Amino acid sequence: MGNDGLLVVRCQLGEREAFRELVGVWHGPLWRYVRGMVGSPHLADDLSQEVWVAVMRGLPRLRQPGRFAPWLFTIARRTVADHLRRTYKAPEASMDEASTVVAGDELGLVLTTMQIEAGLAALPPVEREVLILFHLEDLPLATCADVLGVPAGTVKSRLHRARRMLRHHLAEKGYEA
């Protein structure tokens, strides 16, 4: 069990300092994910706080303490989706999946994190989300799959599609990829 797992177990045993440590470790990545999805730092503050409240309530029932990160980002994802649904009152973006992954996509190798962040706002939520989790939060493919509730192959497909869309958007803005 990793450090997160031990912190979770300590939280489950009622140790308040462990929760503070857990928040200290994960608040930054959580906030960046939420901000990337909603685009506003103030809204990211509010939604992150909402996520931490949900984490505090649900933590005693977390059966696999070592899987805290996917669980946290799943809660964050649901919180953001609820917010977007309330805000736009539109059906969720299509979840259809491409069936193939094209190898050799070099976008992730040539763009900086700042360039990726600059282009995120132009992407649909599904594509924006997978780029944030994989590239900005450096979550492994399997963890991204857990958070998104899809197979790893689907994550690869979404990454490919998102990179292609981001490349197209950045090319329109004058960035070279």
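Helix axes are lines fitted to C-alpha atoms, for helices over the stretch in contact, and the angles between them run from 0 to 180 degrees between N-to-C directions. In this predicted model, the axes of helix 7 and helix 9 (residues 152-172) come within 9 Å. They cross at roughly 105 degrees. Angles of 65 to 115 degrees count as roughly perpendicular. Helix 7 and helix 9 are therefore roughly perpendicular to each other.

Both sides of this crossing can be listed. Helix 7 contributes Val126, Glu127, Val130, Leu131, Phe134 and His135. These meet Val155, Arg158, Leu159, Arg161, Ala162, Arg163, Met165 and Leu166 in helix 9. By character, the residues of the contact divide into nine nonpolar, one polar and four charged.

Helix 7 itself spans residues 125-136 and is mostly covered. Of its 12 residues, 10 are buried. The buried set includes the nonpolar residues Val126, Val130, Leu131, Ile132, Leu133 and Leu136. It also includes Glu127, Arg128, Glu129 and His135. Glu127, in helix 7, counts as buried because its relative accessibility is 7%, and the cut-off is under 20%. Beyond its neighbours within four places in sequence, Glu127 is in contact with Arg161, Ala162 and Met165. These three residues belong to the helix 9 side of the crossing.

The chain changes character just after helix 7. There, Asp138 takes a positive phi of about 55 degrees. Asp138 is a residue other than glycine. Most residues other than glycine have a negative phi. Asp138 lies in the loop between helix 7 and helix 8. With a relative accessible area of 61%, Asp138 is exposed, since exposed means over 50%.

The overall fold is helical. The protein chain holds nine helices and zero strands. Read along the sequence, its pattern is α-α-α-α-α-α-α-α-α. Buried residues make up 44% of the 177 residues. Contacts also reach across the sequence. Among those between residues at least 6 apart, 65% join residues at least 24 apart.

What does the largest nonpolar core consist of? It has 45 residues. Those with the most contacts inside the core are Tyr33, Val34, Val55, Leu59 and Phe68. Seven helices are named as each supplying at least two residues: helix 1 (3-12), helix 2 (16-38), helix 3 (41-58), helix 4 (68-88), helix 7, helix 8 (141-148) and helix 9. Helix 2 gives the most, with nine residues. In soluble globular proteins, nonpolar side chains tend to be buried together.

Leu59 shows how the core is joined. Leaving aside neighbours within four places in sequence, Leu59 is in contact with Val8, Cys11, Gln12, Phe19, Leu22, Phe68 and Trp71. Phe68 is also among the residues with the most contacts inside the core.

Aromatic side chains add a further set of links. The structure holds five aromatic pairs. In one of them, the rings of Trp26 and Phe73 have their centres 6.1 Å apart and their planes at 80 degrees, so the pair is edge-to-face. Trp26 lies in helix 2 and Phe73 in helix 4, so the pair ties together parts that are 47 residues apart in sequence. Both partners are covered. Trp26 is buried, with a relative accessible area of 12%. Phe73 is buried at 0%. Trp26 and Phe73 belong to one aromatic cluster, together with Tyr33, Phe68 and Trp71.

Asp4 in helix 1 reaches part of this cluster. It touches Leu22, Val25, Trp26, Pro65 and Phe68, not counting residues up to four places away in sequence. Trp26 and Phe68 are cluster members. Asp4 and Val25 are 21 residues apart in sequence and 8.7 Å apart in space, C-alpha to C-alpha. At 19% relative accessibility, Asp4 counts as buried, because the cut-off is under 20%.

Thr79 provides one more covered site. It is found in helix 4. At 7% relative accessibility, Thr79 counts as buried. Beyond its neighbours within four places in sequence, Thr79 is in contact with Leu47, Glu50 and Val51.

Key. Residues are numbered from 1 along each chain as its sequence is written. This is a predicted model: local features need pLDDT of at least 70, side-chain atom pairs count only at pLDDT 80 or more; totals for chains, interfaces and linings use all residues. Side-chain values use heavy atoms; hydrogens and water are left out. Buried means under 20% relative accessible area, exposed over 50%, partly exposed in between (1.4 Å probe, protein chains only). Helices (H or I, at least four residues) and strands (E, at least two) are DSSP runs, numbered from the N terminus. Angles under 35 degrees count as roughly parallel, over 145 as roughly antiparallel, 65 to 115 as roughly perpendicular and the rest as oblique. Contact means heavy atoms within 4.5 Å. A nonpolar core is a set of buried Ala, Val, Leu, Ile, Met, Phe, Trp, Tyr and Cys residues joined through side-chain atoms within 4.5 Å. Rings of Phe, Tyr and Trp (its six-membered ring) pair if their centres lie within 6.5 Å; planes under 30 degrees apart count as stacked, over 60 as edge-to-face and the rest as tilted.
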